[in-house]
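Reader: I would like a close look at a single part of this model, the lining of its largest cavity. Which classes of residue make up that lining, and which elements do they come from?

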Amino acid sequence: MGKSAQIGLHTWLPDAMEGPTPVSALIHAATMVTAGVFLICRCSFIFEYSSLSLNIMMFVGSITAFFASTTGLFQNDIKKVIAYSTCSQLGYMIFACGLSNYDVSLFHLSNHAFFKALLFLGAGSIIHAISDEQDMRKMGGLKNLLPFSYSTSLIGSLALIGFPFLSGFYSKDVILEIAYAKYTFASHFCFYLGTISAFFTAFYSTRLLFLVFLSESNGNKIIIQNAHESDWKITFPLFILCFLSVFIGYLSKDLFIGLGSNYWGASIFINNQNFIVIDYEFMSLTPKLMPLVTTLTGVFISFFVYSFKLDNYLNLKKKQSFIFFYTFINRKWYFDRFYNQIFSQKVLELSYFFTYQKVDRGFLEVFGPVGIIQSTKDLYNYFKFYYSGNIFHILILFSFSTIFFLFIYLVLLFF
């Protein structure tokens, strides 16, 4: 590690892990990022006896849903928007675990897998069609050029925002209803935070559809003219995921959740005092409709801003106060910068000055390869100094050495 390595200590880490859209679909929908939710659900028998742990999960989940949904508002990379929607939906899943409704959390995890895979693979089809462009500001006007991709993105986005009778509607709304039915200050706080997050989710999902498909074309003329739908190897999985994103929530809701379902058996444990399934089944209609109304409001406002009031929106973006707000949200509340400066940078510097210089280049080198090589060189130079090349001297040295080692052998033999 030389000068270039020291300079590298003061560079920012990359914003996020990147990969091909099929890999992103697999990771975000079914494997890595949802593994923590599954682990919490399987360890429910531990968390159920700690109300503090449940409250922490409830707060962390709702705040995560809110933070990620606001971060997705002004992202311009189509994959980043979908990725932050994953973070938001994971917040809802952890939120449900904090409410002791692990079955609902797994139900939402299952529904989320289908429409999130649909969104990522649909985004991959769009990116492939327009020469690997991911910036939504350079798209637009693709509705007529890519009708199938538009249909898949529309269905996936509607399922994500919890539009009625699509898969996300049956699980996300239940999570919010359970939060209200718990009738505590903490659960109501998380209910309203989750409802606001649903508004932001609807806003950025509609924004994605508008910028990519419904707005006027902003891309390169040659790229737009050559835009084309993908072949059946890409579109056929999208068709299957579209079907499941529409119907899987309705078909599996009575299997996964609700009174009388024993699907999970002994895999999930819920303490009797935390069991509130009956409460949310018979709660009033107003809190049930609130997330839906908020979601539809988010869709309407986003479409209204980007289609009818775009000039006013552009004038608003020129104001200094909005620039600060836009930058703050676009850069993820500066969490990455704060984390890098306070934690990552300090750890890297400590690793360089202590682990590398003191241990790797210090202790281990002295008693390791460098020390052995240097000791061998010193020993070689020492014998070289006393080596005259005279045969008589060599024979004397050989004789004395033989007598000395023979004496040592006899001493060890008799004593």
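Author: Sorted by class, the lining of the largest cavity in this predicted model has 6 nonpolar residues, 3 polar residues and no charged ones. The residues concerned are Val81, Ile82, Ser85, Leu119, Ser157, Leu160, Tyr204, Ser205 and Leu208. Three elements give two or more residues to this lining: α6 (78–98), α8 (147–161) and α10 (185–214). The space they help to enclose is small in number terms: about 50 Å³ lies in the largest cavity. Rolling a probe the size of a water molecule over the atoms shows where empty space is left.

The structure holds 3 cavities of 30 Å³ or more, and the second largest is worth setting beside the first. The second largest cavity has a volume of about 40 Å³. Around the second largest cavity stand Ile78, Ile82, Leu119, Ala123, Ile126, Ser153 and Leu208. Ile82, Leu119 and Leu208 therefore appear in both linings, by the definition that a lining residue has an atom within 4 Å of a cavity point. By class, the second lining divides into 6 nonpolar residues, 1 polar residue and no charged residues.

The elements can be followed here too. Both α6 and α7 (102–129) supply at least two residues of the lining of the second largest cavity. The largest share of that lining, 3 residues, comes from α7. As for α6, this helix also gives two or more residues to the lining of the largest cavity.

Notes. Residues numbered from 1 in each chain as written. Predicted model: local features only at pLDDT ≥ 70, side-chain atom pairs only at ≥ 80, totals over all residues. Heavy atoms only, no water. 1 Å grid on protein atoms, 1.4 Å probe; cavity = no way out; pocket = protein on both sides within 12 Å on 5 of 7 lines; lining within 4 Å. Points joined across faces, edges and corners; volume = space filled by probe spheres on them. Helix = DSSP H or I, 4+ residues; strand = E, 2+ residues; numbered from the N terminus. Nonpolar A, V, L, I, M, F, W, Y, C, P; charged D, E, K, R; others polar.
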